[in-house]
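The following exercises concern aromatic rings, charges over rings and the surroundings of one side chain. Each task is followed by a worked solution.

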Amino acid sequence: MITNIPFGEKHSRLSIFEPNEGTLVVIPSLSLPQDELRRITGALCYEERLLFLLLTLRQPDVEVVYLSSVPVDTAIVDYYLSFLDDPDEARTRLQMISLDDPRTCPLTVSLLHRPDVVERIRASIRHASGGAWMVPFVVSEHEERLAGMLDLPIYGPATSLAHLGSKSGGRMIGEEAGVPMARGFADLRSLTEVEHAARALSPTSKLMIKLNNSYSGLGNAIVIKDERPLVACHTSFSAPDETWTTFAEKIAERGAVIEEFVEGRPLYSPSALARITPGGAHDVVATHEQILGGPNGDVYQGCAFPAQPDYRAQVGECAERIARVLAGRGVVGLFGMDFFAVKTDAGYRPLLCEINLRIGGTTHPFGAALLTTGATYDPDTGTLVRDGRSKYYVATDNCTAAPLRGRTPGEVVKLVHDRGLGFDRETRTGNVLHLLGAVPEFGKLGFTSIGDSAEEAAELHRRTLRALCQPA
């Protein structure tokens, strides 16, 4: 993180969800392994997942500068501003800046080669009252370089701490926090080291290998181990075109962990979302139930809030211990933690899977629900509460339907509204849409269905899926 003591003092408890003043410079660059990113349909449109931050304009002293590789459809911007009391006034405090560059390289990489746009950002924040800071999707050396050029602090972890968010780093932090994990080994840098670790885990026959820096489960492999070398054993890769040749190259490049495959059934996959402020304060802001798919059932598809009550508190306690350790290491920003919840005779036992030191798949549903409902997170119940009533939601990033392809974002917004599935500002329930930019070319979007009970949210989600997938 760029050192800025006055910023840290003034905004020591800053939350990007609820700033009272200042300018958010939003850089939704997908500065991640590009080989995995290319496997995601409409990946460039994932820059739109942070558009929920436009809702922070409800505070009159907040301004937003939002960068994107390609222009965001005006109808999408209008849609987000429609959640505010005075959309026209809020628009005067918003700048949407596009590079108009559809190439697949990360937004920040392109931005570093556009001094004209960098100067435009600099001009936008030159007289920012309340200060300005960068909100990146993930912090890489590119975001740090841009922050240096703009003299902006970053609401995110320094790249010098990035290893703490790798699969190996997650195991190290989990051990330091005293959080249970599956048996395994970290910091493996070659296929030979993975082979040795696999033998050390004997007699376990089913193993999970995870690349250090991967996301959405796309860097995983499940191996049924026998007496033969790993490359000869039955292996199921999460990425559809992965082979042992390509996977071994990635192990050498990124490193990996190997763990015993958690077999317990029923097996659930909760996660937790936490934040560490510039002043070092830390708290858990949400737990979720992850919705997973893919060939191994480990690719992120969406989430439900909150995690199930049988283990919600235990997951929150583990997450709090991890957040405390990371705060002590100097981490700043939002981050997620994935768990397994394994049934035992004494109840459920959470096992830490990984730590993601970046904005993740549960961040935008939580932000959208928090800002549209005006609710407050209650750590005692683990729910969002508005006027004494808890709020629940189910969200997806992966609603893909042939009837949507070729339609405009505005048409989809109208379709949802006309079928009574939009957001009701009186009851603070309904749908909040995202990824609308992927609709015309891919027939894909995401949405968060908010209800006053888990059952109401789930039923609204099912009805919305049916409505969107029906032929026009």
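A charge sits over a ring if NZ of Lys or CZ of Arg is within 6 Å of the ring centre and within 35 degrees of the ring normal. The model examined here is predicted.

**Exercise 1.** Determine which lysine lies over the face of Phe-261, and which over the face of Tyr-348.

Solution. Lys-206 is placed over the face of Phe-261, 4.4 Å from the ring centre. For Tyr-348, the residue over the face is Lys-343, at 5.6 Å from the ring centre.

**Exercise 2.** Classify the aromatic pair formed by Trp-244 and Phe-247.

Solution. A pair of aromatic rings is described by the distance of the centres and the angle of the planes. The structure holds 13 aromatic pairs. In the pair of Trp-244 and Phe-247, the centres are 5.9 Å apart and the planes meet at 80 degrees. Planes over 60 degrees apart count as edge-to-face, and the pair is therefore edge-to-face. Both residues belong to helix H10 (residues 244-254), where they are 3 residues apart, about one turn of the helix. Trp-244 and Phe-247 are both buried.

**Exercise 3.** Is Thr-372 buried or exposed, and what surrounds this residue?

Solution. Thr-372 is located in helix H12 (residues 363-373). Buried means under 20% relative accessible area; Thr-372 is buried because its relative accessibility is 3%. A polar atom of its side chain lies 2.6 Å from the backbone oxygen of Ala-368. Beyond neighbours within four places in sequence, Thr-372 contacts Leu-55, Phe-83, Phe-423, Arg-428, Val-432 and Ile-450.

Notes. Residues are numbered from 1 along each chain as its sequence is written. This is a predicted model: local features need pLDDT of at least 70, side-chain atom pairs count only at pLDDT 80 or more; totals for chains, interfaces and linings use all residues. Side-chain values use heavy atoms; hydrogens and water are left out. Rings of Phe, Tyr and Trp (its six-membered ring) pair if their centres lie within 6.5 Å; planes under 30 degrees apart count as stacked, over 60 as edge-to-face and the rest as tilted. Helices (H or I, at least four residues) and strands (E, at least two) are DSSP runs, numbered from the N terminus. Buried means under 20% relative accessible area, exposed over 50%, partly exposed in between (1.4 Å probe, protein chains only). A polar contact is a pair of N or O atoms within 3.5 Å; within protein, one must be able to donate a hydrogen and the other to accept it, and residues adjacent in sequence count only if both atoms are side-chain atoms. Contact means heavy atoms within 4.5 Å.
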